[in-house]
Amino acid sequence: MDLALGTKAPAKPLAFIDLQAQRARLSDRVERAIQRVLDHGRFIMGPEVAELESRLAAFCGAKHAISCSSGTDALSLVLMGKGVKPGDAVLVPTFTFAATAEVVALLGATPIFVDVLPNSFNLDPVSLEQGLRTAKGLDLRPVGVIAVDLFGLPADYDAIAEICRANDLWLLDDAAQSFGAAYKGRPIGTIGDATATSFFPAKPLGCYGDGGAVMTDDDALAARIKSLRVHGKGRDKYDNVEIGLNGRLDTLQAAILIEKLEIFEDEIAARNRVAHRYAERLGDIVQVPQVPADMTSVWAQYTLVLPEGRRDAVAEALKAEGIPTAVYYPLPLHRQTAYASYPVAGNGAPVSDQLSQSVLSLPMHPYLEEADQARIVGALRQLLAS
Ligand SMILES: *Cc1c(COP(=O)(O)O)cnc(C)c1O
C-alpha cells in the first residue's frame, strides 16, 4: 500500500478532561491563594478550611459542610457517624466506583449490590426492594442505602427515600460526581440524611490533589463527623473519645477550591451547553443521556450506550483519530474480585452487566470547543453509520 496516499496527518489528540484550560482561566488567582497559605503557614485546618466549608454550605443550602481528605473518607465518616458495624447491611448500586461499597466492607458490614436503571444508570427502586429481602434472607440487618448520582445525574430520590422511610433506613447520597446538580428544585447536598462529595481533580469541582466533603442538616451527626475526622477527638486531639480517622482536608486544597468554587456555576452552565450539543448531534443515532425535566446534571461524564458488541471497536477507532474515550465502568462491583463474595439483590444485576459492556464516555469538560466537539461527533457518526 502506498502510504503517501490515503493517509492524512494525524489530528492533534484532544483532552478527555482539560484541566489546563481551567487553569489558564483562573490564571494567577490559584497561585496567589497558594502563596497566601505558604505565607501564613497554617497547613492543617488553616483559615481557608472554615472559609471553604461555609461557602460549600451556602452554595448548596446545607446546614453543615464538613471538608475531609477524600470522597472515600467522606463516605466513611458518614458510615462511622451512623455507627455501621458487622451484621449491618448497606444497599449500594453495583454500577459505581468501588469506593461506594468499599467503605461498607471496611467497617465489617455487608454491601448488598443493587441493580440500576438502563436510562439513568442510577439505583433501581425495584431492585432496592429485592435487595432488602436478600439482606433479611441472609439474617443481616439492613441499616441504610447509599445512592449514587452517577455521571452527575441525581438518582430517583422520591422513590428511594420512600423505601428508606418504610424500612427505617438512613439515606446517604454519594454525590462524588453530582455536587452542583439538583433534584426537583432541591440542590444536591440537601437530600437524605447526609451527602458525600469528592474533590478528586477530575470531578466537576476538583482540587489539585485529594479532597472531599460531607453535607448534612443533622447537628449531632455533623458534630460526630468533625470529631471522627480528627481521630475521634473529644476536647482536643489528645482526648480521644472514639476511634476515628486522620481525615482532614489540607489548607492548600481548601484555598484552591475557594477559587474554583467562584467559577463553578459558570462551568456547570458550560458543561450543559456541551451536553446539549452532543444530544442534538448524536441523539438520532445512539442512546444519549436523558435528564428528566425536574432534574439537572453537572455532567461529570457524558456517557453513551452503544449497540451490543460495538463499544470496544468504536473506542479503538476514535483513539486512532486522537479522540480519547473512557469506560465507566468495565465491570460492575459484584463481578470484581474483591467484591464477588457479597450478595446481589434478587437474581442478579442484568442491567449493570449489560451497561458495563456497552457504555462509552466522551470527552466532557467546560472548555470543550465547538470545533473539537464537531470533530468528535463527526468521527462517531461515521463509525456508527458503518
Ligand atoms: C470518585 C468517586 C468516589 C471517591 O472519591 P475519592 O475522592 O476519589 O475518594 C466515590 N464514589 C464515586 C461514585 C466516585 O465517582
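## Close-ups of a predicted model

**View 1. R311, a buried arginine.** With a relative accessible area of 7%, R311 counts as buried, because the cut-off for that is anything under 20%. Keep in mind throughout that this is a predicted model. R311 belongs to helix α11, which covers residues 311-320. What does its side chain pair up with? One partner is the side chain of D312, joined to R311 by a polar contact of 2.7 Å. The R311 side chain also gets to the backbone oxygen of Q357, at 3.5 Å.

**View 2. The ligand in its pocket.** Here we look at where the ligand sits, and that's the largest pocket. There are 15 residues around the ligand, and G71, T72, Q177, S198 and K203 come nearest. Sorted by class, the shell has eight polar residues, five nonpolar ones and two charged ones. Two helices, α4 (71-81) and α5 (99-106), each chip in with at least two residues of that shell.

**View 3. Oxygen atoms of the ligand, up close.** Which protein atoms lie by the ligand's oxygen atoms? T72 brings a side-chain N or O atom to 2.5 Å from a ligand oxygen. For S198, a polar side-chain atom lies 2.6 Å from an oxygen atom of the ligand. G71 uses its backbone instead: an N or O atom there is 2.8 Å from a ligand oxygen. As for cover, the ligand on its own would expose 380 Å², and the protein buries 93% of that.

**View 4. Helix α4, mostly under cover.** Is α4 mostly buried or exposed? Mostly covered, it turns out: 10 of its 11 residues are buried. Among them are G71, D73 and S76, along with a run of L77, V78, L79 and M80. G71 therefore does double duty in these views, being a buried residue of α4 under the 20% cut-off and also one of the residues that come nearest to the ligand.

**View 5. The two ends of α4.** This last close-up frames the helix from start to finish. At the N-terminal end, S70 acts as the cap, with a side-chain oxygen 3.3 Å from the backbone nitrogen of T72. T72 is a residue we've already met, since its side chain also has an N or O atom 2.5 Å from an oxygen of the ligand. At the other end, just after α4, G83 takes a positive phi of about 75°.

Technical notes
Residues are numbered from 1 along each chain as its sequence is written. This is a predicted model: local features need pLDDT of at least 70, side-chain atom pairs count only at pLDDT 80 or more; totals for chains, interfaces and linings use all residues. Side-chain values use heavy atoms; hydrogens and water are left out. A residue is near a molecule or strand if one of its heavy atoms lies within 4 Å of it. A polar contact is a pair of N or O atoms within 3.5 Å; within protein, one must be able to donate a hydrogen and the other to accept it, and residues adjacent in sequence count only if both atoms are side-chain atoms. Accessible areas come from the Shrake-Rupley method with a 1.4 Å probe; for residues, only the protein chains shown count as cover. On a 1 Å grid over the protein atoms alone, a cavity is a set of points where a 1.4 Å probe fits but cannot get out, and a pocket is an open set with protein on both sides within 12 Å along at least five of seven lines; lining residues have an atom within 4 Å of a point. A molecule sits in a cavity or pocket if more than half of its atoms lie within 2 Å of its grid points. Helices (H or I, at least four residues) and strands (E, at least two) are DSSP runs, numbered from the N terminus. Ala, Val, Leu, Ile, Met, Phe, Trp, Tyr, Cys and Pro count as nonpolar, Asp, Glu, Lys and Arg as charged, and the others, Gly among them, as polar. Buried means under 20% relative accessible area, exposed over 50%, partly exposed in between (1.4 Å probe, protein chains only).
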